[in-house]
Amino acid sequence: MTVIRLNTGQLWCHSPTLLTPALQAQLKDLGAVTHLIAPNKLHYVHLPDWKKNYPYATTWAAAGVVERAAKHGISIEVDAPLAESEPVPWGDEIERCHFRGQFMEEVIFFHRPSQTLIVTDLIENFEPNRVPPWLRIPLKLAGNLAPHGKAPLDLRLTFFRNKPELRQKRQQLLDWRPQRIILAHGAIIEDDAVRELERAFRWLD
């Protein structure tokens with residue numbers, strides 16, 4: 001997960017992970033948990049526990065999250081959709097870019113003050129030394145093994161019908177000129193972020 005402390009001192013929590021006492025203590029030192037972000041319909045499992053512990057936080061969810069969770073027996077309380085046309089209270093600091101495919105929509109975020117792009121599954125960059133040896137070859141074949149990570153092949157295939165629109169979305173990401181890319185899966189990209197972004201989304205050409 002990624003946590004941003006907004007200029008207000010509130011905490012914006014992207015793709016919340018397992019909520020442990022140690023994590024709660026760390027968050028308490030940083031500020032008040034105010035926004036919970038489900039950026040696509042694969043990243044929602046821990047939201048109910050977070051909402052239980054932070055009942056006044058606003059839960060924002062991408063398209064399909066509630067329906068996907070319900071199919072797996074999980075009830076998600078969403079306060080506001082991450083709709084492209086809807087304003088958000090943190091919009092002055094964090095911009096959004098919506099990637100829509102046949103399987104899911106993922107919302108990619110750009111934190112302007114730190115020039116950081118936040119990606120969930122559209123770039124995965126698993127480090128070889130942090131996965132079991134038997135998994136390295138499948139990850140490499142899927143295209144999401146560091147240092148050349150990108151979206152896994154099966155996920156890429158679900159976006160192919162939307163390629164013309166997504167090329168424009170890719171250009172939006174490049175125009176932001178991020179200095180680093182934080183990923184939900186694998187090594188953070190801190191060097192030549194724009195070049196790595198171009199490489200990771202070359203499958204849209």
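## A salt bridge within helix α7

The side chains of Arg 199 and Glu 196 form a salt bridge, with N and O 3.0 Å apart. This is a predicted model. Both residues lie in helix α7 (residues 193-200). They are three residues apart there, so about one helical turn separates them. Arg 199 and Glu 196 are both buried.

Another pair involves Asp 192 and Arg 195. Their closest N and O atoms are 3.2 Å apart. Arg 195 is partly exposed, at 47% relative accessibility.

## Other charged pairs

The whole structure holds 11 salt bridges. Side chains of opposite charge can pair when their charged atoms come close. Arg 100 and Glu 105 are one such pair, with 2.9 Å between the closest N and O atoms. How buried or exposed is each partner? Arg 100 is partly exposed, with a relative accessible area of 29%. Glu 105 is buried, at 9%; the cut-off for buried is under 20%.

This pair belongs to a network of salt bridges. The network links Glu 84, Arg 100, Glu 105, Glu 165 and Lys 169.

## The nonpolar cores

In soluble globular proteins, nonpolar side chains tend to be buried together. Here the largest nonpolar core has 31 residues. Which of them touch the most other members? They are Trp 12, Leu 27, Val 33, Trp 50, Trp 90 and Phe 109. Several elements each give two or more residues to this core. The strands are β2 (10-14), β3 (32-38), β4 (58-61) and β7 (105-111). The helices are α1 (21-30), α2 (47-53) and α3 (65-71). The largest share, four residues, comes from β3.

Val 33 shows the packing in detail. Setting aside residues up to four places away in sequence, Val 33 touches Leu 11, Cys 13, Leu 27, Trp 50, Tyr 54 and Ala 57. A second core is separate and has 26 residues. Its members include Met 104, Phe 110, Ile 123 and Leu 173.

## The five-stranded sheet

Strands of a sheet pair through backbone hydrogen bonds, either parallel or antiparallel. In this model, five strands form an open sheet with mixed pairing. Their order is β1-β2-β3-β4-β5. Which strands stand at the edges? They are β1 (2-5) and β5 (80-81). Each has a single partner strand, so one side of each lacks a neighbour in the sheet.

Strands β3 and β4 run parallel and are joined by four bridges. Leu 36 stands opposite Thr 59 in β4.

## A nonpolar surface patch

Met 1, Val 3 and Leu 30 make a nonpolar patch on the surface. The patch covers about 210 Å². Met 1 sits in the segment before β1. Met 1 is partly exposed, with a relative accessible area of 36%.

## A buried glutamate in a loop

Glu 124 lies in the loop between β8 (116-119) and α4 (133-142). Is Glu 124 buried or exposed? Glu 124 is buried, with a relative accessible area of 9%.

What surrounds Glu 124, apart from neighbours within four places in sequence? Glu 124 contacts Asn 144, Gly 149, Lys 150, Ala 151, Pro 152 and His 185. Glu 124 and Gly 149 are 25 residues apart in sequence. In space, their C-alpha atoms are 5.3 Å apart.

Key: Residues numbered from 1 in each chain as written. Predicted model: local features only at pLDDT ≥ 70, side-chain atom pairs only at ≥ 80, totals over all residues. Heavy atoms only, no water. Core = buried A, V, L, I, M, F, W, Y, C linked by side-chain atoms within 4.5 Å. Buried < 20%, exposed > 50% of the residue type's maximum accessible area, 1.4 Å probe, protein only. Contact = heavy atoms within 4.5 Å. Pairing = 2+ DSSP bridges. Patch = residues over 30% accessible without salt bridge, like charges linked within 9 Å, V, L, I, M, F, W, Y side chains within 5 Å. Areas by Shrake-Rupley, 256 points an atom, 1.4 Å probe, with all protein chains shown as cover. Salt bridge = Lys/Arg side-chain N within 4 Å of Asp/Glu carboxyl O.
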